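Subject: The structure we talked about

Hi,

Here is the structure I promised to pass on. Have a look at it first, then read my notes below.

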Amino acid sequence: MWSFEAEAGQYVDLSVAETSSNGNMAMSLRVFAEDGSQVDSDYDSTSPEVFFQAPGTGVYTVILQNGSSDRDANGGYELYYTQVPGPI
């Protein structure tokens with residue numbers, strides 16, 4: 001779990017790169033607003049990514065987990081975060 005702050009209207013890009021794996025991992029990336037509502041999500045075998053405009057100012061929480069049926073799978077990953085103020 002990881003958290004970051006964003007202001008309403010800012011664009012956020014989060015992506016994941018698998019660096020090592022033991023078993024059949026399938027990564028699930030979910031982002032939640034401060035009120036607990038899910039803002040965006042992606043499910044991908046090795047590199048999920050979300051791009052969204054922050055609906056409000058506050059703290060956002062990122063949850064990354066193995067969504068595979070192979071619950072013993074594990075590995076390493078890197079989380080990339082980019083935030084752009086205002087319209088693109």
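About 5,100 Å² of the protein is exposed, and carbon and sulfur atoms supply 45% of that area. Keep in mind that this is a predicted model, so all of my notes describe a prediction. The protein has 88 residues, and 34% of them count as buried. Along the principal axes, its C-alpha atoms fill a box of roughly 40 × 25 × 15 Å.

What is the chain built from? You'll find 7 strands and 0 helices, so reading from the N terminus gives simply β-β-β-β-β-β-β. The contacts reach a long way along the sequence: take those between residues at least 6 apart, and 74% of them join residues at least 24 apart.

Now to the sheet. Four of the strands form an open sheet in the order S1-S6-S3-S4, with antiparallel pairing. S1 (2-6) and S4 are the edge strands, each pairing on one side only. From one strand to the next, the twist averages 20 degrees. In case pairing is new to you: strands of a sheet pair through backbone hydrogen bonds, and they can do that in a parallel or an antiparallel way.

I'd spend some time on S3, residues 27-32. Why is S3 largely enclosed by the rest of the structure? Because 5 of its 6 residues are buried, where buried means under 20% relative accessible area.

S3 has a partner on each side in the sheet order, S6 and S4. Here is what I found for each:

- With S6 (residues 58-66), S3 pairs in the antiparallel sense over 6 bridges. Two examples to click on: Ser 28 has Gln 65 as its bridge partner in S6, and Arg 30 has Ile 63.
- With S4 (residues 38-44), S3 is joined by 6 bridges, and these two strands also run antiparallel. One of the pairs to look for is Phe 32 with its bridge partner Gln 38 in S4.

S3 and S4 also make a hairpin, with 5 residues between the strands. Which residue there takes a positive phi? That's Gly 36, with a value near 90 degrees.

One last thing for when you look at the side chains: in a regular strand they alternate between the two faces of the sheet.

Cheers

Key:
Residues are numbered from 1 along each chain as its sequence is written. This is a predicted model: local features need pLDDT of at least 70, side-chain atom pairs count only at pLDDT 80 or more; totals for chains, interfaces and linings use all residues. Side-chain values use heavy atoms; hydrogens and water are left out. Buried means under 20% relative accessible area, exposed over 50%, partly exposed in between (1.4 Å probe, protein chains only). Contact means heavy atoms within 4.5 Å. Accessible areas come from the Shrake-Rupley method with a 1.4 Å probe; for residues, only the protein chains shown count as cover. Two strands pair if DSSP finds at least two bridges between them. Axes are lines fitted to C-alpha atoms, for helices over the stretch in contact, and angles run from 0 to 180 degrees between N-to-C directions.
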